[in-house]
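I opened a fresh page for this chain. I wanted to look things up one at a time and write down what I found.

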Amino acid sequence: MQASSPNPEHYFRFPKSIRLLARRDYLRVQKQGILVRSKDLLVLYKKGNGKNARFGMTVSKKVGNAVTRNRVKRWIREAVRHHHHCVDSQVDVVFIASPRTARSNYQSIEREISTALETIAAQDQ
């Protein structure tokens with residue numbers, strides 16, 4: 001396979017370039033961002049200054065023990081990995097899990113994230 005040919009698997013990765021990594025970026029989105037509420041998640045977004053959309057998540061101890069929190073983080077990460085292409089602008093998005101998220105399942109989380117990202121994309125136009 002040539003290095004210049006497009007790789008379809010590229011769209012389903014979650015590389016560092018689309019992750020929020022710095023605490024200051026999380027705080028900026030959480031303080032100044034626009035809120036999109038769903039049943040199990042709080043989604044905040046703010047116009048970023050990067051080349052592409054970046055995503056982060058917050059799962060507090062209120063959600064459950066370490067095993068439960070890690071499962072919720074995996075669900076969110078996987079859903080973002082599959083739907084991050086919906087938002088193609090320079091926006092930073094933070095997903096905040098509520099305690100209800102732990103009692104949910106992957107399919108409902110994926111549906112909520114997909115809907116939230118479509119809403120963000122529509123509002124960002």
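These are my entries, from the overall fold down to single residues.

**Entry 1: the chain overall**

I note at the start that this is a predicted model. I counted the secondary structure and found three helices and four strands. Along the sequence I read the pattern α-β-β-β-α-β-α. I then looked at burial: 42% of the 125 residues are buried. The accessible surface comes to about 7,700 Å², and carbon and sulfur atoms hold 50% of that. I also looked at contact range. Of the contacts with a separation of 6 or more, 79% are between residues 24 or more positions apart.

**Entry 2: the sheet**

In what order do the strands of the sheet lie? I traced E1-E2-E4-E3, an open sheet of four strands with mixed pairing. Strand E1 (34–37) and strand E3 (54–58) are the edges, each pairing on one side only. From one strand to the next, I get an average twist of 20°.

I took the E3 edge next. E3 pairs with strand E4 (residues 91–97) in the parallel sense, over five bridges. Across this pairing I found Met57 opposite Phe95 in E4.

Then I asked what lies across the strands. Helix H3 (residues 106–123) does, covering E1, strand E2 (41–47), E3 and E4. I noted its angle to E2 as about 25°.

**Entry 3: rings on E3 and E4**

How many aromatic pairs are there? I count one aromatic pair. The partners are Phe55 and Phe95, with ring centres 6.5 Å apart. Their planes are at 15°, under the 30 degrees cut-off, so I logged the pair as stacked. Phe55 is in strand E3 and Phe95 in strand E4, so the pair ties together parts that are 40 residues apart in sequence. I checked burial for both rings: Phe55 is buried, and so is Phe95.

**Entry 4: the salt bridge from E3 to E4**

I turned to charges and found five salt bridges in the structure. I started with Arg54 and Asp92, whose closest N and O atoms are 2.9 Å apart. Arg54 is in strand E3 and Asp92 in strand E4, 38 residues apart, so I noted a link between distant parts of the chain.

Are these two partners buried or exposed? Arg54 has a relative accessible area of 15%, so it counts as buried. Asp92 is at 1%, and it is buried too. The cut-off for buried is under 20%.

**Entry 5: a salt bridge between loops**

Which residue does Arg100 bridge to? I found Asp40, with the closest N and O atoms 3.5 Å apart. Arg100 sits in the loop between E4 and H3, and Asp40 in the loop between E1 and E2. They are 60 residues apart, and the pair links distant parts of the chain. I compared their burial. Asp40 has a relative accessible area of 2% and is therefore buried. Arg100 is at 41% and counts as partly exposed.

**Entry 6: Ser104**

I stayed in the loop between E4 and H3, where Ser104 lies. I set aside its neighbours within four places in sequence and listed what was left: Asp40, Trp75 and Ile109. So Asp40, which I had logged as the salt-bridge partner of Arg100, is in contact with Ser104 as well. Ser104 has 15% relative accessibility, so I entered it as buried.

**Entry 7: a pair within H2, and a network**

Last, I looked at Glu78 and Arg81, which form a salt bridge with the closest N and O atoms 2.7 Å apart. Both are in helix H2 (residues 66–83). They are three residues apart there, so about one helical turn separates them. Glu78 is partly exposed, with a relative accessible area of 29%. Arg81 is at 22%, which also counts as partly exposed.

I then searched for bridges that share partners. Asp25, Arg28, Arg54 and Asp92 are joined in this way into one network. The network includes the Arg54 and Asp92 pair from my fourth entry.

Key:
Residues are numbered from 1 along each chain as its sequence is written. This is a predicted model: local features need pLDDT of at least 70, side-chain atom pairs count only at pLDDT 80 or more; totals for chains, interfaces and linings use all residues. Side-chain values use heavy atoms; hydrogens and water are left out. Two strands pair if DSSP finds at least two bridges between them. Helices (H or I, at least four residues) and strands (E, at least two) are DSSP runs, numbered from the N terminus. Axes are lines fitted to C-alpha atoms, for helices over the stretch in contact, and angles run from 0 to 180 degrees between N-to-C directions. Contact means heavy atoms within 4.5 Å. Buried means under 20% relative accessible area, exposed over 50%, partly exposed in between (1.4 Å probe, protein chains only). A salt bridge is a side-chain nitrogen of Lys or Arg within 4 Å of a carboxyl oxygen of Asp or Glu. Rings of Phe, Tyr and Trp (its six-membered ring) pair if their centres lie within 6.5 Å; planes under 30 degrees apart count as stacked, over 60 as edge-to-face and the rest as tilted. Accessible areas come from the Shrake-Rupley method with a 1.4 Å probe; for residues, only the protein chains shown count as cover.
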